[in-house]
Structures are given as structure tokens and as C-alpha cells.
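Work through these exercises with the model open. Each task is followed by a stepwise solution.

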Amino acid sequence: MIAFYDERVLAHEPNLEVPFLPDRMDRRIRHLLSGLSAPWKYPEHPGRLTTIRELLEREPVAGVRFEAGIEATREQLARVHTTAHLDHLFALRGKNAWLDVDTTAVSPGSIEAAEVAAGTAIAAVEAVLQGRADSSFALVRPPGHHAEPVRARGFCLFNNVAVAAAHAQAVLGCQRVMIVDWDAHHGNGTQEIFWADPDVLFVDIHRTAPFYPGSGHLEEIGAGLGEGTTVNIPMPGGAGDEAYLKAFREILVPAADWFQPDLILVSAGFDPHWHDLALNVSYEGFAVMTGILQQMAHRHCNGNLVFVLEGGYNLESLSKGVRSVLSVLAGQPPPVPGSIGLAEVEAAAAFHRGAFVRLNDDNEVPSDLKT
């Protein structure tokens with residue numbers, strides 16, 4: 001199992017203290033930020049990846065090896081993004097700028113970082129489809145699933161998972177690609193890119209609108225030849241392991257059986273964990289979902305399974321969530337979800353059991369209460 005990590009993605013570091021392009025959008029964003037009750041910092045920062053790497057160095061996962069990534073070429077990016085979008089972003093190389101009303105920003109190193117993020121997703125797919133690994137995980141940033149064909153959005157510059165899917169189809173012989181997005185936020189960009197494509201099955205589990213970005217309604221199922229190959233599963237706030245695993249078993253599994261993918265790609269965001277205050281998925285839940293995806297991949301596509309990092313902004317749950325997925329990909333059996341604390345409760349019950357037992361007339365514990 002290969003985890004891809006490239007330090008060049010750390011160069012994307014929007015800094016709100018430095019001057020951005022002096023236009024109306026810059027002034028508007030700064031006005032909005034000044035009205036907040038607490039200082040606002042750019043949530044998508046290099047610490048997201050360095051924290052993951054530090055945890056994996058302290059607590060390595062047996063069977064996981066690391067490789068560096070590569071830069072995506074303009075041709076590879078152009079399979080899912082317009083020429084105008086690419087020209088606009090490439091013109092910002094080496095600059096600080098706001099890109100849209102979602103406060104998506106770039107710093108001088110951001111464009112190269114985004115090229116490496118998309119290229120590393122491609123490298124992760126190539127490693128699996130060329131037989132160098134049974135599965136892989138691209139630990140990349142900036143994330144990608146909000147990036148649309150024509151614009152950056154929601155901290156995303158290029159749509160990494162879409163670039164990887166298109167490369168698998170164009171170069172690596174994959175006819176049908178299944179994309180599973182379990183980030184708390186709907187992958188609006190991925191949905192738009194493959195909206196009318198019958199050869200990409202996009203399944204997205206997310207917190208329901210009006211949670212950002214406000215898309216991903218149940219009735220959004222694709223159009224034209226692609227009608228039916230977009231599957232949205234909106235969740236209420238607080239939904240956790242039980243709901244997610246029910247969705248996996250009752251929707252994703254039969255969808256994969258119907259679609260028969262050659263490759264399964266996962267937009268893996270870790271903001272469904274309760275630390276990110278959107279949903280209520282546990283580390284065990286992420287691990288079990290990974291196990292189900294493994295089973296799907298082995299049943300339909302020779303185990304071809306690739307994860308690409310999306311969101312997750314609490315550093316503890318992000319790093320531990322990634323580690324829980326890597327553990328399963330590396331061969332460890334998934335734990336039982338919902339088992340947190342059960343062993344401790346059983347130990348405490350055994351410790352306290354004698355304190356709550358009434359003795360009989362002979363000062364003995366009644367036989368029916370003995371263990």
C-alpha cells in the first residue's frame with residue numbers, strides 16, 4: 001500500500017496578513033472578516049498535512065510505504081477544466097490573490113502546489129492500475145472536489161479526483177470509474193464535471209443543504225446519457241456511523257454491483273468526524289467504510305482502490321482519521337463501529353459489581369448473582 005506525500009504542496013499558504021490584489025473583492029472580503037467576533041485564519045493550511053505525516057512517523061502503519069508525487073501537466077488538467085480557468089490560475093503564479101466569494105485564495109506557491117496535488121492523485125491511480133500497489137492514498141492539498149470546470153471554489157483550485165479519473169479513462173484503459181465522496185461538504189465540482197457522463201458513477205454522502213456549498217439534493221441525478229450516474233445522499237447534521245454504514249450497504253454496494261467499475265476513487269474528507277462539528281462519524285466508522293470499499297473493489301475491479309484527501313480541519317481528527325483508513329488499506333481488519341469505551345465500561349462494571357450486591361441472611365452473595 002502506497003501513501004503519496006510531496007512537500008511541494010505545503011507551498012500553498014494564503015496569509016491574510018499580506019496585501020492581496022487591491023480590487024473590490026479584496027475590500028469586500030476584508031470588510032466581512034473584520035465583522036467576525038474572533039480572528040479568522042485561512043482554514044486550509046500546511047499544518048493539515050504536516051500533522052498527518054508527524055502522526056504517521058510517531059505511529060507508523062505496517063505495510064505502508066511513502067512515495068513523492070508529480071506535477072500534473074496542462075493537458076491532464078484540461079481534461080476537466082476550461083482553458084479560461086487554467087489561464088486565469090496560471091497567471092496568478094507567484095502572486096497573492098482572492099479568487100472568489102468563498103474566500104478561496106492563493107499565495108506565491110499555490111499554483112505549483114495545486115499542480116502537484118492533481119498530479120499526485122494521478123500518480124496514486126497509476127501505482128494501482130500499473131500493479132505497483134493494491135491500493136493507494138494521495139495525501140494532497142489544496143483539496144479539489146469543489147473546483148468546477150470554470151472556476152476555483154471552496155479552497156479548491158483544481159479538481160484532483162476528477163483529473164485522476166479522467167487520466168484513468170484517457171490513458172490507463174479504465175472505461176468506468178466510480179467516485180465515492182464522503183466529505184461532509186458536497187462535491188459540487190466533481191458532480192458538475194461528470195454530470196452528463198455515463199461512464200463515471202459519482203456517489204456523494206454529505207451534510208444536507210443549506211450546509212456549504214448548498215448543492216447535492218436527492219433529486220440531482222445527472223442528465224442526458226449520464227442520468228442516473230449521479231447519486232446524492234444528503235445527511236442531517238449529527239448523522240454518524242450507523243447512518244453512513246447503512247448508506248454504504250444499501251446504496252453504494254448495489255450501485256457498484258449495477259455499474260461494474262474498473263476503478264474506485266474516494267474523495268476522502270475527514271470533516272464528518274464530530275471534532276469538525278458537522279456530522280458524527282468515528283474513526284472506527286471511517287475504517288469500516290474503507291473495508292466495505294475494499295470489498296467492492298475486490299469484487300468488481302481487481303481491488304483497484306485509490307483515496308484522495310479532501311477536507312478535514314480539526315488536526316487531531318484529520319490525522320487520526322487518515323491513519324484509521326491507512327490501517328485498513330494496509331491489511332488490518334476494520335474494528336467494530338460504536339465500540340468506543342465498551343471494554344472500559346465492562347472493566348468498570350467488574351470492578352464495581354460487588355459494591356451493589358446485597359448479602360443474604362448468611363452474609364453471602366446470592367448464588368444467582370455470582371459470576
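**Exercise 1. Across which strands does helix H9 lie, and at what angle does H9 run to E10?**

Solution. This is a predicted model. Start with helix H9, residues 283–300. Trace its footprint: H9 lies across E6, E9 and E10. Then take the direction: H9 runs at about 140 degrees to E10.

**Exercise 2. Give the strand order of the open sheet and find its edges.**

Solution. Step one: list the strands. The sheet has 8 of them, in the order E2-E1-E5-E10-E9-E6-E7-E8. The pairing is parallel. Step two: look for strands with a single partner. These are E2 (65–67) and E8 (230–235), so each has one side without a neighbour in the sheet. Step three: add the twist, which averages 15 degrees from one strand to the next.

**Exercise 3. Describe how E7 is joined to E8, and place helix H8 on the sheet.**

Solution. Strand E7 covers residues 200–207. It runs parallel to E8, and 6 bridges join the two. For a register check, find Ile205: it stands opposite Ile233 in E8. Now turn to helix H8, residues 241–259. H8 packs on the sheet and touches E6, E7 and E8. The direction of H8 makes about 170 degrees with that of E7.

**Exercise 4. How many residues of helix H6 are buried, and what covers them?**

Solution. H6 spans residues 160–170. Count the residues under 20% relative accessible area. The result is 9 of 11, so H6 is mostly covered. The buried residues include Asn160 and His167, along with Val161, Val163 and several alanines, among them Ala162 and Ala168. Next, identify the cover. Helices H3 (74–78), H5 and H7 (188–193) contribute. So do strands E6 (177–181), E9 (263–268) and E10 (305–309).

**Exercise 5. Which residues have the most contacts inside the largest nonpolar core, and which helix gives the most to it?**

Solution. The largest nonpolar core has 103 residues. Phe137, Trp182 and Leu293 have the most contacts inside it. Now assign the contributions: helix H5 (residues 110–129) gives the most, with 12 residues. For context, nonpolar side chains in soluble globular proteins tend to be buried together.

**Exercise 6. Test Cys174 for a disulfide, then classify Cys174 and Cys156 as buried or exposed.**

Solution. A disulfide needs two cysteine sulfur atoms within 2.5 Å. By this rule the count is 0. For Cys174, the nearest cysteine sulfur belongs to Cys301, 8.1 Å away, and Cys174 is in no disulfide. Then apply the burial cut-off, under 20%. Cys174 has 5% relative accessibility, so Cys174 is buried. Cys156 is at 0%, so Cys156 counts as buried.

Note on methods:
Residues are numbered from 1 along each chain as its sequence is written. This is a predicted model: local features need pLDDT of at least 70, side-chain atom pairs count only at pLDDT 80 or more; totals for chains, interfaces and linings use all residues. Side-chain values use heavy atoms; hydrogens and water are left out. A nonpolar core is a set of buried Ala, Val, Leu, Ile, Met, Phe, Trp, Tyr and Cys residues joined through side-chain atoms within 4.5 Å. Buried means under 20% relative accessible area, exposed over 50%, partly exposed in between (1.4 Å probe, protein chains only). Helices (H or I, at least four residues) and strands (E, at least two) are DSSP runs, numbered from the N terminus. Contact means heavy atoms within 4.5 Å. Two strands pair if DSSP finds at least two bridges between them. Axes are lines fitted to C-alpha atoms, for helices over the stretch in contact, and angles run from 0 to 180 degrees between N-to-C directions.
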